[in-house]
Amino acid sequence: MQRYPRNMTGYGADRPDASWPGSARVAVQFVLNYEEGGENCLLHGDAASEAFLSDIAGAAPWPGQRHWNMESIYDYGARAGFWRVHRLFTGADIPVTVYGVATALARSPEQVEAMKVADWEIASHGLKWVEHKDMPEAEERAAIAEAVRLHTEVVGERPRGWYTGRSSVNTVRLVAEEGGFDYISDTYDDDLPHWMEFGDRNQLIIPYTLEANDMRFATAPGYITGEQFFTYLKDAFDTLYAEGETGKPAMMSIGLHCRLIGRPGKLAGLKRFLDYIQGFDHVWTPRRIDIAEHWAATHPHQRIERPSQMGRGRFVALYGGVFEHSPWIAERAHGLELGPAHDSAAGLHNALCRMFRSASDDERLGVLTAHPDLAGKLAAAKRLTAESTSEQASAGLDELTDAERARFTELNDAYVAKHGFPFIIAVRDHDKAGILAAFERRLGNPTEVELGEACKQVERIARLRLEDML
């Protein structure tokens, strides 16, 4: 059984109404990454110096050596950059979420105290600011536990949010299994929070960003001036605010780093953005934990039985009748590479139709001939499937006059005699008069044309049935 774990659908075309507090049209959330003192460094027991996210062009790790320039740039973030950012946000009365590396927080008691006095959320940014992609699962699990322990010791309370950043494929699952986090942010996959299931745990995910992020001052292509940063943030805000005015408010995450945005020229662009959004009504600037609490209360997770996770027997039992009397289509579809994308009517319909379309000519003809005549003998004898009975009744075909019944019988006989299969139409798309008109029009078509049309109608009927089921 092939299963594809990535969710490429999300909320789809019609995302939910976030219902932000105060009828906000957008939630603008600022994250300050506090990594200074937690980066790769020989002093921290690492094998090489840091090389990520600094103003040193083309930086590379120095194995076995301290990198004085790199260390001093990180030191600037703690010594000067943090306080400049702190003054900006406390002055604007906008709270932030701090992604705090536990070992960095432990080396910065004055900054931690300032975060707490400002009522900033201090979420966990892991134990150390290092790469996790090659870390064995047991080692990463232990690092998560130690990050929580040290964070609690340093801050005075455990973190309720988590973001690793330089994560492994196991990170989100391992953090969810830790069991104590209101949210995890190690995804970049949406403009709204969403839920993921890990065993019995429903885990809230609040996606983060790498584009509305000052890290692009340290990457190519990236920002060169504070004005460029402001312009990008403004354009993103304007787009999301306009969407919110149409009833679909979303979330805007903005990522900051003390050693980057804390430089005067870069901070000027951020200050312009804060001034800009404060000129709008209906803008919410929460901490991430505020978003988590709102989402859990307003959009609690509801588990459903997912087609992609069903065993073969259950899958066929539920969906074997979607194509009339043709359970083999569901049997084959179950063997496809199903995933979250197939847990909707559209997704499951696509999987079933693939098997119908790839079947032999004789198999497809068998599906067509399995369909009953419209208002025919099976209907009169009450021997239709429950689905067909409901569908025919929806168009009034269970309440025909004698003349209408005679006309349907005449058309049914003529159609089958000419084409070799019954007339098929998605009756729920039509009324009785429309069905009769289509019947009379299509009777004259060549058989090869009608074969194609009948197959399309079979697929349409299947889609309508799945919409009822899902």
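This text walks through two buried loop residues and two helix pairs in a predicted model.

Start with Glu36. This residue sits in the loop between β1 (26–34) and α1 (68–92). Is Glu36 buried or exposed? Its relative accessible area is 3%. The cut-off for buried is under 20%, so Glu36 counts as buried.

What surrounds Glu36 there? Set aside its neighbours within four places in sequence. Glu36 is then in contact with Tyr74, Gly77, Ala78, Ala104, Ser108, Cys258 and Arg259. One of these partners, Arg259, also makes a polar contact with Glu36. That contact runs between the two side chains and spans 3.0 Å. Asp75 gives another view of the fold around this loop residue. Glu36 and Asp75 lie 39 residues apart in sequence. In space, their C-alpha atoms are 6.4 Å apart.

Thr187 is the second loop residue. Find Thr187 between β5 (183–184) and β6 (194–198). Its relative accessibility is 11%. Buried means under 20%, so Thr187 is buried. Beyond its neighbours within four places in sequence, Thr187 is in contact with His194, Ile205, Pro207 and Tyr208.

Now turn to the helices. Two packed helices are described by the angle between their axes and the distance between those axes.

Take α13 (residues 361–369) and α18 (residues 447–469) as one pair. Their axes are 10 Å apart and meet at an angle of about 65°. Angles of 65 to 115 degrees count as roughly perpendicular, so α13 and α18 are described as roughly perpendicular to each other. Their crossing is left-handed. Which residues meet in this pair? From α13 come Arg364, Val367 and Leu368. From α18 come Leu451, Ala454, Cys455 and Val458. By class, this contact of α13 with α18 has 6 nonpolar residues, 1 charged residue and no polar ones.

The other pair is α16 (residues 402–419) with α17 (residues 432–442). These helices pack at an angle of about 35°, with axes 10 Å apart. The crossing of α16 and α17 is left-handed. On the α16 side, the contact is made by Glu404, Arg407, Phe408, Leu411, Asn412, Tyr415 and His419. On the α17 side, Lys432, Ile435, Leu436, Phe439, Glu440 and Arg442 take part. How do the residues of the contact of α16 with α17 divide by class? The division is 6 nonpolar, 2 polar and 5 charged.

Technical notes:
Residues numbered from 1 in each chain as written. Predicted model: local features only at pLDDT ≥ 70, side-chain atom pairs only at ≥ 80, totals over all residues. Heavy atoms only, no water. Axes fitted to C-alpha atoms, helices over the stretch in contact; angles between N-to-C directions. Helix = DSSP H or I, 4+ residues; strand = E, 2+ residues; numbered from the N terminus. Parallel < 35°, antiparallel > 145°, perpendicular 65-115°, else oblique. Left-handed = near helix turned anticlockwise from the far one by under 90°. Contact = heavy atoms within 4.5 Å. Nonpolar A, V, L, I, M, F, W, Y, C, P; charged D, E, K, R; others polar. Buried < 20%, exposed > 50% of the residue type's maximum accessible area, 1.4 Å probe, protein only. Polar contact = N/O pair within 3.5 Å; in protein donor to acceptor, adjacent residues only side chain to side chain.
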